[in-house]
Amino acid sequence: MTSMSKLSKVAVFAANLGLALAQTSVTVNVASTNQQIDGFGVSQAFGRASRFQALSSTARTQGLDYLFSTTTGAGLTIIRNRIGSGGSGDSIELTSPGSPSSTPTYVWDGVDAGQVWFSQSAMTYGVNTIYADTWSAPGFMKTNGDQSNGGYLCGVTGETCSTGDWRQAYANFLVQYVKYYQQEGVTISHLGFLNEPDLTYVETVEFVKANVDGTHASGDPKYIDWRIPIGLLTKVPSVPSFTLSLRPSMHISSSAAAVIVANVGLAFAQTSVTVNVGSTNQQIDGFGVSQAFGRANEFKNLASAARAKGLDYLFSTTTGAGLTIVRNRIGSGGSGDSIEPTSPGSPSATPSYVWDGSDSGQVWFSQSAMSYGVKTIYADAWSAPGFMKTNGDQNKGGWLCGVTGKTCSSGDWRQAYANFLVQYVKYYQQAGITVTHLGFLNEPDYVAAYSSMQSDASQAASFIPILYNTLKSNDLSSVKITCCDATGWPAQKTLTTGLVSAGMEQYLGVITSHMYSGDPNSPLSTKLKVWETEAADLADAWCTTWYSSGGLCEGLTWAYKIFTGIVNANLSAYLYWEGVEVNQPGVSGYLVATDGTTVTPSGRLWALAMWSRFIRPGADRVSTSGTVTNVGIGAFKNTDGTVVVVFTNTGSSAQSVKLGFTGFAPSSAAAYLTDN
């Protein structure tokens, strides 16, 4: 499978192996049985078998394959033959013996209008069910003396004939037909003596037999032709339990969705998993990326074809990952990076803001994402401008002047920093972009040579209410404040505990964390939503692999990380670091690579696509019961009513699952598979 088709739709069959389901759910109770299945089939009555047999060997073989092959055709398992009742070449009893008790003169040509060949040919494919059915008794046994135009069998209730009671003679006639087939090595398994007894055909009926090309076929023109050309379904004969036999070879080794979605091989049937759609957990906000530190400009400056392909890979719900969150960096450096490149002199002095309308390409990137339907724009500052900090530098850590325990000779810059952040939001608003989430810290537990600012929980708590009130006074109360984008889960747990104790939940909208010093693997103690806002492989060279050895750059590794975060840590969002990068083969910190012409997605992109393309913003994660060895299971209900189940199989072999639902009535299903 090429990298462009890592996430591919597969057909959904109700097989004893194989997984289905998406949008609506179905519970299969394997222990509660109904009718037994005998099969599907066709007929070649009224000379069709002879014409089929007369085809060239190539055409004949292909036709038989289409009907009976279980690999290239329909795998039909029933043949319905017509027992003729007419003249020479049609019936085995051409003329009346004179009376019901007289010895009949049977005639057998060993061909039966080609039906013997057709039956024998079907048997070579494993067909064991041969249904022989009469449209009529011979005319001399009937009340009207004619095999056509209706009439009744002489001797049945209410119908007498001057020639006598022909019921036994008709039974003998039918049994002799079965014996002739037995002589040819064909066992008739089902025998019928009527065909449409509630309908009388007359000579004036216009619906006559016709060949596929529309010309009339030879033979009796009084019967409506119901045979559909080879390869299509046919009229169902009147046989008990006539339906499809589910063959063990029909299976889907993957996922499907109610959209069912999965990663490696997943199949369906023995272990039970039940999705309880009425039992909800966290709401999902989405999945996303950043193009910070100039990557957005590089992306924007690509040739139009490469640019469009890259955007499609990130945001399209049909050919890409369908991502729904953009994370922008609020610059804090000099000219071209920050909206306040120089100090106004003091915290209370009027700032000189500068806006270039581009923001290092992030305005274009945000607008492009919005054209795909993205509505969540997260703006996050790595640091305050250097002149607002204890170290006088936007780089190398340092604290915001005025937070708990940190004073500066220049004064308390907390309000000035809040004003700075709110002005950034306003500039985006002028560009037609609504910033929905605003962060003021990035990895405050880590001192970096680039933009960085330190903070603990008490220091963050001394700034959060100021930012909250500044947003409110500028009619931006809808903007949700985030905190704190720590380097990993252990650090964010500590920060969250401190923020909750300080009463900050009333001001904050989302708790945010990265995964570098520890993946999200358990819930944080907060009533707020929790996002993982930056995750990446920063150690390995670029790779597109889905699975090879379980390395950090591989797609399956990230599929399981996302599962762990969403299901075990109750994340509402999961963001990878960068989306598209140009000529950066030395790292895997992004999802899509390009040299300016060729655009190549990674397995990591398809890992996100497994979730983001189907689980849309506003979806609720719903509860499941039951486990499957080495398979992570997550279920979700979208706002449009569709249900999505994601299976992540980290094992070395396919697993079997029977999926059921409560509180949900499915009407359709689709399956998607992501693998090598």
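How many of the residues of strand 16 are buried? In this predicted model, strand 16, which spans residues 590–594, is mostly covered, and five of its five residues are buried. A residue is called buried when its relative accessible area is under 20%, and that cut-off will be useful again further on.

Strand 16 has partners on which its place in the fold can be traced. Strands of a sheet pair through backbone hydrogen bonds, either parallel or antiparallel, and strand 16 offers an example of each arrangement. With strand 15 it runs parallel, and four bridges join the two; within this pairing, V582 has T594 of strand 16 as its bridge partner. With strand 17, which covers residues 599–601, strand 16 pairs in the antiparallel sense over three bridges, and here A593 stands opposite T600 in strand 17. Strand 16 and strand 17 form a hairpin with four residues between the strands, and in this hairpin G596 takes a positive phi near 105°.

Positive phi values also occur at residues that are not glycines. One of them is N570, with a positive phi of about 60°, and its place is in the loop between helix 12 and strand 15, the strand of residues 573–582. N570 counts as partly exposed, because its relative accessibility is 27%. Another is D475, which has a positive phi of about 55° although it is not a glycine, and which lies in the loop between helix 10 (464–473) and strand 12. Because its relative accessibility is 71%, D475 counts as exposed.

From D475 the reader can move on to strand 12, which is made of residues 480–486 and contains C484. C483 and C484 form a disulfide, with their sulfur atoms 1.9 Å apart, and the peptide bond that leads from C483 to C484 is cis, with omega near 15°. The torsion about the S-S bond of this pair is about 85°, and therefore the disulfide is right-handed. How does the burial cut-off apply here? C483 is buried because its relative accessible area is 1%, and C484 is likewise buried because its own relative accessible area is 1%.

The link of C483 and C484 belongs to a set, since the structure holds four disulfides. If the bonded cysteines are counted along the chain, the disulfides follow the pattern 1-2, 3-4, 5-6, 7-8. Another member of the set joins C543 and C553, whose sulfur atoms lie 2.1 Å apart. Its torsion about the S-S bond is about 115°, so this disulfide is right-handed. Both C543 and C553 lie in the loop between strand 14 (529–534) and helix 12 (555–568), so the pair ties together parts that are ten residues apart in sequence. C543 is buried because its relative accessible area is 10%, and C553 also counts as buried because its relative accessibility is 11%.

Which hand does the link of C154 and C161 have, left or right? These two cysteines form a disulfide with their sulfur atoms 1.9 Å apart, and with -85° about the S-S bond the link is left-handed. C154 is buried, and so is C161.

The last part of this walk turns to an open sheet, in which four strands are arranged in the order 2-3-4-5 with parallel pairing. Strand 2 (41–43) and strand 5 (190–192) stand at the edges, each with a single partner strand, so one side of each is left without a neighbour in the sheet. From one strand to the next, the twist averages 20°. Strand 2 is joined to strand 3, which covers residues 78–83, by three bridges, and the two run parallel; in this pairing, the bridge partner of V42 is I79 in strand 3. A helix also belongs to this picture, for helix 3, made of residues 115–123, lies across strand 2, strand 3 and strand 4 (129–134), and runs at about 165° to strand 3.

Note on methods:
Residues are numbered from 1 along each chain as its sequence is written. This is a predicted model: local features need pLDDT of at least 70, side-chain atom pairs count only at pLDDT 80 or more; totals for chains, interfaces and linings use all residues. Side-chain values use heavy atoms; hydrogens and water are left out. A disulfide is a pair of cysteine sulfur atoms within 2.5 Å. Buried means under 20% relative accessible area, exposed over 50%, partly exposed in between (1.4 Å probe, protein chains only). Two strands pair if DSSP finds at least two bridges between them. Axes are lines fitted to C-alpha atoms, for helices over the stretch in contact, and angles run from 0 to 180 degrees between N-to-C directions. Contact means heavy atoms within 4.5 Å.
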